[in-house]
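Open the model in your viewer and keep the selection box ready. The stops below can be taken in order.

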Amino acid sequence: MTVTRRPFGTVGGQPVELFTLTNAGMEAAITNFGATLVSWLVRDRSGTIRDIVLGYDDAEAYEVSPGYLGAVVGRYANRIARGYFELNGRGYQLAKNDGDNHLHGGSRGFSHRIWDAETVGEASVVFSYFSPDGEENYPGSLDVKVTYTLKDSGELAVDYFARAGADTIVNLTNHAYFNLAGHDHGTILDHILQIEADQYVPVDAHCIPLGGLAPVEGTPFDFRRPKLIGAEIDADHPQIKNGSGYDHNFVLRRTGTGLVKAAEVRHPETGLTLEVHTTKPGMQFYSGNHLAGQKGKGGCTYPRRSGFCLETQYYPDSINQPGFPSPILRAGEEYRHTTVFKVVSTS
């Protein structure tokens, strides 16, 4: 097991680095710009090495990327309706950077900051960022750490930690786009997905929750048994139309606060399977509906639906939805969550 680091370009005149975690069977590379997962090299059933994460060749490309490819997003991942919430009797108006709504932390969220970084042992890299009180108009300062650990078992663990200087809201996730055929191998419609959820969060045409939960049974959102992603992605269903495909939070089955399995994705041709386990209550399944031919690594392009995201999280707009899990982090308390991505190759 090794960890190496090298230059990865500059942002705003500041140097950016790439950290590569390597074990006997795979390699994951993460940059300190946005604590972003840049690549994940794995071997398929035939021994072919495939990079299963969409991304770019340097920091400059990530700086202008509109899709948050591979980044840690925050202070609040997903959407907040009208960019507004109230906390302790005071209102906070955030940037409206997604139509009339707030998305993934604002005009310059955590995804577009240079983080401090240090390697730990032979298998981990820790990224740290201090968000001052009032940054993007969020209340309270926030100390954030995100640790990536590559394990010989095929797991890439992402551990999130935050501590607030005053009451605030926090919802951190990783926005990696996966394609188990390889980042440069077309759409993900032939992948087979299973999600451990009986309910999902219906949304309006702007992907803002309507205020409740709905059963997946009898809808295109029923992934309780393995199903092709492409099977009903263009179904004549109002929620599919609202999301232009899948862009919805699923309510994970869980008891307690530990790791639970959230999803499993298989690609029959390569024999690769991706499992997701998390301590979060929800998971946004996004089918890459707004990818539109972006230039990616090695000069390839990323057409529509060439990557899928499984973003473990609190539900979108939770702060404005009393029935949803609360994203409030009180002063002095600690935000700790873990998500584990595991890749295995089957014969």
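Which residue forms a salt bridge with Asp 222? Select Asp 222 and Arg 224: they form that salt bridge, and their closest N and O atoms are 2.9 Å apart. Keep in mind throughout that the model is predicted.

**Salt bridges**

Stay on Arg 224, which is partly exposed at 25% relative accessibility. In the whole structure there are 19 salt bridges.

Select Lys 227 and Glu 232 next. Their side chains meet in a salt bridge, with 2.8 Å from N to O. Lys 227 has a relative accessible area of 14% and is therefore buried, since the cut-off for buried is under 20%. Glu 232, at 28%, is partly exposed. Now add Glu 196, Asp 198 and Arg 253 to Asp 222 and Arg 224: salt bridges with shared partners join these residues into one network.

Then select Asp 98 and Arg 79. The side chains of Asp 98 and Arg 79 form a salt bridge at 3.0 Å, N to O. This pair links distant parts of the chain, 19 residues apart: Asp 98 sits in the loop between β9 (90-93) and β10 (102-103), and Arg 79 in strand β7 (residues 79-80). Arg 79 is buried, with 11% relative accessible area, whereas Asp 98 is partly exposed at 24%. Side chains of opposite charge can pair when their charged atoms come close.

**The largest pocket**

Keep Arg 79 selected and add Leu 103, Asp 247, Tyr 286 and His 290. Of the 26 residues that line the largest pocket, these five lie nearest its centre. Two elements give two or more residues to this lining: α2 (238-243) and β24 (282-286). The space in the pocket comes to about 440 Å³. Colour the lining by class and it divides into 13 polar, eight nonpolar and five charged residues.

**Two cavities**

How many cavities of 30 Å³ or more does the structure hold? There are two. Rolling a probe the size of a water molecule over the atoms shows where empty space is left.

For the largest cavity, select Phe 33, Thr 36, Tyr 62, Ser 65, Tyr 68, Leu 69, Ala 71, Ser 111 and His 112, which line it. The space inside is about 60 Å³. Its lining has five nonpolar and four polar residues, and no charged ones.

For the second largest cavity, the lining includes Gly 74, Arg 75, Gly 105, Arg 108 and Gly 109. Extend the selection with Phe 110, Ser 131, Glu 135, Glu 136 and Tyr 138, which also line this cavity. The volume of the second largest cavity is about 40 Å³. Here the classes are four charged, four polar and two nonpolar.

**Backbone features**

Two residues of that second lining, Gly 74 and Arg 75, are joined by a cis peptide bond with omega at about 15 degrees. Arg 75 belongs to the loop between β6 (72-73) and β7.

Move to Arg 82, in the loop between β7 and β8 (84-87). Arg 82 is not a glycine, yet its phi is positive, at about 60 degrees. Its relative accessibility is 47%, which counts as partly exposed.

Asn 137 is the next selection, in the loop between β12 (124-131) and β13 (142-150). Phi of Asn 137 is also positive, near 70 degrees, in a residue other than glycine. Asn 137 is partly exposed at 37% relative accessibility.

**A buried asparagine**

Where is Asn 179 found? Look in the loop between β16 (173-174) and β17 (192-195). Asn 179 has a relative accessible area of 0% and is buried. Its side chain reaches the backbone nitrogen of Ala 181 at 2.9 Å. Leaving aside residues up to four places away in sequence, Asn 179 touches Asp 51, Ile 52, Leu 54, His 185, Gly 186, Thr 187, Ile 188, His 191, Ser 306 and Phe 308.

**Last stop**

Finish with Gly 211, in the loop between β18 (197-200) and β19 (214-215). Gly 211 is partly exposed, at 46% relative accessible area. Draw a distance from its C-alpha to that of Glu 63: the two are 34 Å apart in space and 148 residues apart in sequence.

Technical notes: Residues numbered from 1 in each chain as written. Predicted model: local features only at pLDDT ≥ 70, side-chain atom pairs only at ≥ 80, totals over all residues. Heavy atoms only, no water. 1 Å grid on protein atoms, 1.4 Å probe; cavity = no way out; pocket = protein on both sides within 12 Å on 5 of 7 lines; lining within 4 Å. Points joined across faces, edges and corners; volume = space filled by probe spheres on them. Helix = DSSP H or I, 4+ residues; strand = E, 2+ residues; numbered from the N terminus. Nonpolar A, V, L, I, M, F, W, Y, C, P; charged D, E, K, R; others polar. Buried < 20%, exposed > 50% of the residue type's maximum accessible area, 1.4 Å probe, protein only. Polar contact = N/O pair within 3.5 Å; in protein donor to acceptor, adjacent residues only side chain to side chain. Contact = heavy atoms within 4.5 Å. Salt bridge = Lys/Arg side-chain N within 4 Å of Asp/Glu carboxyl O.
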